[in-house]
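Reader: I'm new to looking at protein models. Could you walk me through one with a few questions and answers?

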Amino acid sequence: MNKQAFTFLTLFSLILVLSIYYIMLPPTSQNEVVQNDISTIEQLQNQLDKKREDIITKNNEIIAKESSTSESINEALETISETKNVTEKEKSIVTQLAELGYQESYVEIDNQTVKITILKKDATQSDASNVIKEVLNLVGDSYQVEVKFIDE
């Protein structure tokens, strides 16, 4: 084998190995910035937002696949729609709680449970009762409401 062919094959192999390595690397998001001075409520909200984005992304990938059946595409579309509806309900609950005077609150709807975390010192049972009553007015009686007060 002459030197030119050997050099070509060596460089081609190196490029092929590096290409495969690059493709196999997990994707990194440039939005993942370390933030030290954010509250517990903001951390919880960021985690929930990331979880919901992952669900939507995963279902969009199912829709985009050529090998997906119409049944799996319909399920993916339904999941995306449900996720967006739940997110809207959560935002409306947070808005309503802000109007009641609870400026920092976190709301997560999981199945038929509404989990609420509110930043407030010296919370009373009447605060919890008011929150539960208001949330049930918004979402209906079919949900169970859990309220937790934190004081950082």
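Reader: Which residues does T117 touch, not counting residues up to four places away in sequence?

Author: Happy to help, and please keep in mind that this is a predicted model. T117 is found in strand β2, which covers residues 113–119. Leaving out residues up to four places away in sequence, the ones T117 touches are I41, L44, E104, S105, Y106, K148 and I150.

Reader: Is T117 buried or exposed?

Author: The relative accessible area of T117 is 10%. Buried means under 20%, so T117 counts as buried.

Reader: How many aromatic pairs are there, and is the pair of F8 and F12 stacked or tilted?

Author: The structure holds two aromatic pairs. In one of them, the rings of F8 and F12 have their centres 6.1 Å apart and their planes at 20°. Planes under 30 degrees apart count as stacked, so the pair of F8 and F12 is stacked.

Reader: Where do F8 and F12 lie, and is F8 buried or exposed?

Author: They are four residues apart, about one turn of the helix, and both lie in α1, residues 3–24. F12 has a relative accessible area of 48%, so F12 is partly exposed. For F8 the value is 54%, and exposed means over 50%, so F8 is exposed.

Reader: Are the rings of Y102 and F149 stacked or tilted?

Author: Here the ring centres of Y102 and F149 are 6.4 Å apart and the planes are at 55°. Stacked needs an angle under 30 degrees and edge-to-face one over 60. The angle of Y102 and F149 fits neither, so the pair is tilted.

Reader: Which parts of the chain does that pair link?

Author: The pair links distant parts of the chain, with Y102 and F149 47 residues apart. Y102 is buried at 7% relative accessibility, while F149 is partly exposed at 23%. The parts linked are the loop between α3 and β1, where Y102 lies, and strand β3, residues 144–150, where F149 lies.

Reader: Which element gives the largest share of the lining of the second largest pocket?

Author: About 270 Å³ of space lies in the second largest pocket. Of the 13 residues that line this pocket, the closest to its centre are R52, E82, V86, I109 and N111. Two or more lining residues come from each of α2 (40–64), α3 (70–99) and β1 (105–110). The largest share, five residues, comes from α3.

Notes: Residues are numbered from 1 along each chain as its sequence is written. This is a predicted model: local features need pLDDT of at least 70, side-chain atom pairs count only at pLDDT 80 or more; totals for chains, interfaces and linings use all residues. Side-chain values use heavy atoms; hydrogens and water are left out. Buried means under 20% relative accessible area, exposed over 50%, partly exposed in between (1.4 Å probe, protein chains only). Contact means heavy atoms within 4.5 Å. On a 1 Å grid over the protein atoms alone, a cavity is a set of points where a 1.4 Å probe fits but cannot get out, and a pocket is an open set with protein on both sides within 12 Å along at least five of seven lines; lining residues have an atom within 4 Å of a point. Grid points are joined across faces, edges and corners, and a volume is the space filled by probe spheres set on the points. Rings of Phe, Tyr and Trp (its six-membered ring) pair if their centres lie within 6.5 Å; planes under 30 degrees apart count as stacked, over 60 as edge-to-face and the rest as tilted.
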